[in-house]
Amino acid sequence: MNDFVYYSPTKFCFGRGQVDAVGAEMAAAGFGKVLLVYGKGSVVRSGVLDRVKASLQAAGIAFAEAGGVRPNPEIEWVRAAIATGREQGVEGILAVGGGSVIDASKAVAFGIPHDGDVWEFFAKKLPITACLPITAVLTIPAAGSEASGSCVISNDAENRKVGVNGDIFRPKLAIMDPTLTFTLPPYQTAAGVTDMVAHICERYFSGVGPVPVTDNIATGLVRALVEAAPRAIADPEDYDARAAIMWAGMLAHNDLAGCGRSVDPARRAGGWESHALEHELSAHYPEITHGAGLAVMMPAWMRYVWRTDPQRFLDFGAEVFGVEPFDGDAALSEEAVEEAVLETIDALKDFFVSLGMPKTLAAFGLTPDDIDAFLETLRVNKGEPFGAFQPLTMEDARAIYESAF
């Protein structure tokens with residue numbers, strides 16, 4: 001087990017009806033006037049936003065509003081919300097939505113006290129030293145942003161999607177009410193679960209050997225998602241399934257599943273290769289749902305790199321899907337190992353597809369002609385080589401993209 005630093009400052013209020021307690025919880029936490037951030041309509045149509053406002057008003061918390069966050073949130077919206085927050089003199093941020101809303105809120109929270117343009121933090125990797133406190137009311141389990149030190153923002157003008165990391169913008173408070181997810185469409189539920197699994201796998205396949213305690217947490221989380229996701233899609237109001245997904249999504253990305261797996265104690269585990277490859281898809285085509293893109297790119301990446309550490313894949317397959325290599329001999333042949341590894345990767349992809357996720361990049365309307373543009377911005381965002389499990393060149397990335405069609 002490698003050295004690590006684990007930090008999780010978020011208070012979680014989890015269960016039925018917790019959304020109605022957000023005002024009281026924020027008042028107890030010392031929040032003053034906040035900027036209420038939300039998306040493009042679902043929280044309005046469902047009545048969630050009205051419930052949040054009523055709770056804030058009952059607790060005496062003043063608020064201004066910044067609505068309209070899109071999936072794959074864009075920097076121009078962030079800039080406008082920062083201006084609103086400054087004009088209104090807000091002292092904190094309240095995000096009501098999923099990962100896109102929470103990520104946008106994080107960027108606003110550290111953008112308000114910054115003298116320059118907030119995009120500098122993403123493009124120039126400036127250190128983030130000041131941030132308004134954040135509360136998240138989670139309505140779409142997926143990104144795990146409600147407790148993570150991650151924030152990803154798109155810049156349409158540059159066809160870039162860039163992430164920053166930092167403990168300073170982890171939310172102080174997360175309101176997690178599984179009943180708010182009953183109305184999520186099956187596709188959104190499936191894409192969210194895929195993103196969760198990818199967050200776990202990015203850490204599990206991090207180029208570091210076995211870390212038994214952490215590895216068992218990671219594979220246990222994936223098993224829980226494999227069991228709960230089909231139930232939630234078959235019966236959207238299965239509370240236990242929805243609750244399992246919501247809690248697993250947070251645990252998938254608050255760094256617990258990476259403890260001891262990083263080569264640098266101050267950084268999260270893994271090279272995040274699949275996320276890097278997918279980010280180019282949804283940066284160039286923001287209509288592509290992040291989780292759906294990962295459903296294609298992660299298995300494609302796995303098929304390309306598994307020979308770097310076959311045992312890692314054998315362990316994952318055995319713990320998650322019960323895949324056991326066997327050819328009758330005590331010493332496994334190369335053929336038996338390859339068969340078991342590919343069976344494991346296929347089982348993961350089949351799970352994604354069974355939930356309604358796409359099989360290939362062609363399902364998004366993409367063609368191999370798009371690859372050159374993806375590689376151009378990938379090189380800017382990640383450099384060359386990139387990755388931890390197996391360092392990848394741009395030609396490696398090209399081969400992975402091509403295999404995904």
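Ala191 sits in helix H7, which spans residues 186–204; helices here are DSSP runs of H or I with at least four residues, strands are E runs with at least two, and both are numbered from the N terminus. This is a predicted model, in which local features need pLDDT of at least 70, side-chain atom pairs count only at pLDDT 80 or more, and totals for chains, interfaces and linings use all residues. Residues are numbered from 1 along each chain as its sequence is written, and side-chain values use heavy atoms, with hydrogens and water left out.

**Ala191 and Trp247**

Let's stay with Ala191 for a moment. Its relative accessible area is 4%, so Ala191 is buried (buried means under 20% relative accessible area, exposed over 50%, and partly exposed in between, with a 1.4 Å probe and protein chains only). Leaving out residues up to four places away in sequence, Ala191 touches Thr289, Gly291, Ala292 and Met357, where contact means heavy atoms within 4.5 Å. Ala191 and Met246 are 55 residues apart in sequence, and their C-alpha atoms are 13 Å apart in space.

Trp247 belongs to helix H9, residues 239–251. It counts as partly exposed because its relative accessibility is 33%. Beyond residues up to four places away in sequence, Trp247 touches Phe12, Phe14 and Met176. Trp247 and Ser206 are 41 residues apart in sequence, with 23 Å between their C-alpha atoms.

**A strand residue and a surface patch**

Ser154 is part of strand S6, residues 150–155. With 1% relative accessibility, Ser154 counts as buried. Setting aside neighbours within four places in sequence, its contacts include Arg70, Asn72, Trp119 and Lys161.

On the surface, Met1, Phe4, Tyr6 and Val213 form a nonpolar patch with about 420 Å² of accessible area together. Patches are made of residues with over 30% relative accessible area and no salt bridge, joining like charges within 9 Å and nonpolar side chains (Val, Leu, Ile, Met, Phe, Trp, Tyr) within 5 Å. A salt bridge is a side-chain nitrogen of Lys or Arg within 4 Å of a carboxyl oxygen of Asp or Glu, and accessible areas come from the Shrake-Rupley method with a 1.4 Å probe. Val213, in helix H8 (residues 212–234), is exposed at 57% relative accessible area.

**Backbone details worth a look**

Two residues other than glycine have a positive phi:

| Residue | Phi | Loop | Relative accessible area |
|---|---|---|---|
| Lys125 | near 55° | between H6 (119–123) and S5 (134–138) | 48%, partly exposed |
| Trp272 | about 55° | between H9 and H10 (273–284) | 6%, buried |

There is also a cis peptide bond, with omega about 0°, joining Glu384 and Pro385. Pro385 lies in the loop between helix H14 (371–382) and helix H15 (394–403).

**Helix H15**

At the N-terminal end of H15, Thr393 acts as a cap, with a side-chain oxygen 3.3 Å from the backbone nitrogen of Glu395. The buried residues of this helix are Met394, Asp396, Ala397, Ile400 and Tyr401. They cover an arc of only 155° around the axis, so they lie on the same side of H15; the arc is that of the directions from the helix axis to the C-beta atoms. What covers these buried residues includes H10, helix H11 (290–305) and H14.

How values were computed:
A polar contact is a pair of N or O atoms within 3.5 Å; within protein, one must be able to donate a hydrogen and the other to accept it, and residues adjacent in sequence count only if both atoms are side-chain atoms.
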